[in-house]
Amino acid sequence: MCRIIAKEFITKDVVKLTFESKKIAELALPGQFVNISTSDNTMLLKRPISICEVKGNNIIVCFKIIGKGTQKISEKKVNDTIEVIGPLGNGFPFIKKRKLLLIGGGIGIFPLLEVAKRAYKDNELQIILAARTKDELYLQEEFKKYGKIYLLTDDGSSGYQKNPLEFLDTYEVTFDVFFACGPKILLQKLDEKYYQNKEGYLSYEERMACGIGACYGCVVGATIANGYVRVCKDGPIFPLGVLKYES
């Protein structure tokens, strides 16, 4: 059980929640996630939420309210306790002395903040934040501390009116390795484009049940040597060229 020590709404439907857990904070790697209970007996499954930031003994998560489960979690108050399992899944690799590009799309922006915090001192860091509209370009001020930022929106309300692939095709952004988190179609397109000539790592999001690989509820439409891929156990982060997508 973990105590909530801070809570705020970034937007009307996006919550930033901070809870205390020395054990999770000590073990957490950038890119991992936690499973949080809704504390509602009618909803047995915990909700997987990416770790956004680690500060001392505290874990910060940001999530969008998209259903009854996340709604229940969003209603928690400071000093309430929540049941949390984690950290779960794998993390992004640690790299040094490279030109690193981070690509975050929508809520996929959140898990990249801890990556930026840990990577910027040892790497040349560039960051693409992409969303449908300017209101979904989350945590801009936080990311500005760590590297050069490019803002992209589908509707042109902020930055470039391009998606990340169009932007990288149009503008000269040099990098050695990239980390990406966002919509599945974006990750697949990045994989197809760069797997033969770049080093990259893709962080997938999927609906999960157990969070430990037992139930096969988070299988993605891709395969590896041992069969279908479980995002919670085999991922959520995969190197380029590992996943074979079904047509």
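Is Cys181 buried or exposed? I started there: Cys181 is buried, at a relative accessible area of 0%. Note to self before going on: this is a predicted model.

**Cysteines**

I looked for disulfides next. A disulfide is a covalent bond between the sulfur atoms of two cysteines. My count came to zero. I checked Cys52 by itself and found it in no disulfide, with the nearest cysteine sulfur, that of Cys62, 4.0 Å away. The cut-off is 2.5 Å, so at 4.0 Å Cys52 and Cys62 don't qualify. Cys52 is buried too, at 1% relative accessibility.

**The six-stranded sheet**

I traced an open sheet of six strands in the order S10-S9-S8-S11-S12-S15, and its pairing is mixed. S10 and S15 (237–239) are the edge strands, each pairing on one side only. I also looked up the twist: neighbouring strands here are turned by 15° against each other on average, ignoring direction.

At the S15 end, S12 and S15 run antiparallel and are joined by three bridges. I noted Tyr201 standing opposite Pro239 in S15.

Which helices pack on this sheet? I wrote down H3, which touches S8, S9 and S11. The direction of H3 makes about 165° with that of S8. I wrote down H6 (residues 184–194) as well, which touches S8, S11 and S12. For H6 the angle is about 160°, taken against the direction of S11.

**Nonpolar cores**

In soluble globular proteins, nonpolar side chains tend to be buried together. I went looking for such clusters here. The largest nonpolar core has 28 residues, and Leu100, Leu102, Phe143 and Phe179 have the most contacts inside it. The elements giving two or more residues to this core are S8 (99–105), H3 (112–119), S9 (124–131) and S11 (177–181). Which of them gives the most? H3 does, with five residues.

A second, separate core holds 24 residues, including Ile128, Leu165, Phe175 and Phe178.

I then listed the surroundings of Leu100, leaving aside neighbours within four places in sequence. Leu100 is in contact with Ile95, Ala119, Asn123, Glu124, Leu125, Gln126, Val177, Phe178 and Phe179. Phe178 is on that list, although I had also noted Phe178 in the second core.

**Salt bridges**

Side chains of opposite charge can pair when their charged atoms come close. How many salt bridges does the structure hold? I get 11.

Glu199 and Arg98 came up early on my list, with a salt bridge between their side chains at 3.1 Å, N to O. This pair links distant parts of the chain: Glu199 is in S12 (residues 199–203), Arg98 is in the loop between S7 (84–88) and S8, and they are 101 residues apart. Both ends are partly exposed, with Glu199 at 28% and Arg98 at 26%.

Glu136 and Arg132 meet at 2.6 Å, N to O. Glu136 counts as buried, at 14% relative accessibility.

Glu141 and Lys144 also form a salt bridge, at 3.1 Å, N to O. Why are these two separated by about one helical turn? Because they are three residues apart in H4 (residues 140–144). I have Glu141 as exposed, at 54%, and Lys144 as partly exposed, at 48%.

I also found a network of salt bridges linking Glu53, Lys55, Glu114, Lys117 and Arg118.

**The seven-stranded sheet**

There is an open sheet of seven strands as well, ordered S6-S1-S2-S5-S4-S3-S7, with antiparallel pairing. S6 (81–82) and S7 stand at the edges with a single partner strand each, so one side of each has no neighbour in the sheet. At the S7 end I counted bridges: three join S3 (residues 33–36) to S7, and these strands run antiparallel. Ile36 stands opposite Val84 in S7.

**Last look: Ser158**

Where is Ser158? I placed Ser158 in the loop between S10 (148–153) and H5 (164–170). Despite that loop position, Ser158 counts as buried, at 17% relative accessibility. The limit for buried is under 20%. Leaving aside neighbours within four places in sequence, I found Ser158 in contact with Lys134, Leu137, Leu151, Leu152 and Thr153.

How values were computed: Residues are numbered from 1 along each chain as its sequence is written. This is a predicted model: local features need pLDDT of at least 70, side-chain atom pairs count only at pLDDT 80 or more; totals for chains, interfaces and linings use all residues. Side-chain values use heavy atoms; hydrogens and water are left out. A nonpolar core is a set of buried Ala, Val, Leu, Ile, Met, Phe, Trp, Tyr and Cys residues joined through side-chain atoms within 4.5 Å. Buried means under 20% relative accessible area, exposed over 50%, partly exposed in between (1.4 Å probe, protein chains only). Helices (H or I, at least four residues) and strands (E, at least two) are DSSP runs, numbered from the N terminus. Contact means heavy atoms within 4.5 Å. A salt bridge is a side-chain nitrogen of Lys or Arg within 4 Å of a carboxyl oxygen of Asp or Glu. Two strands pair if DSSP finds at least two bridges between them. Axes are lines fitted to C-alpha atoms, for helices over the stretch in contact, and angles run from 0 to 180 degrees between N-to-C directions.
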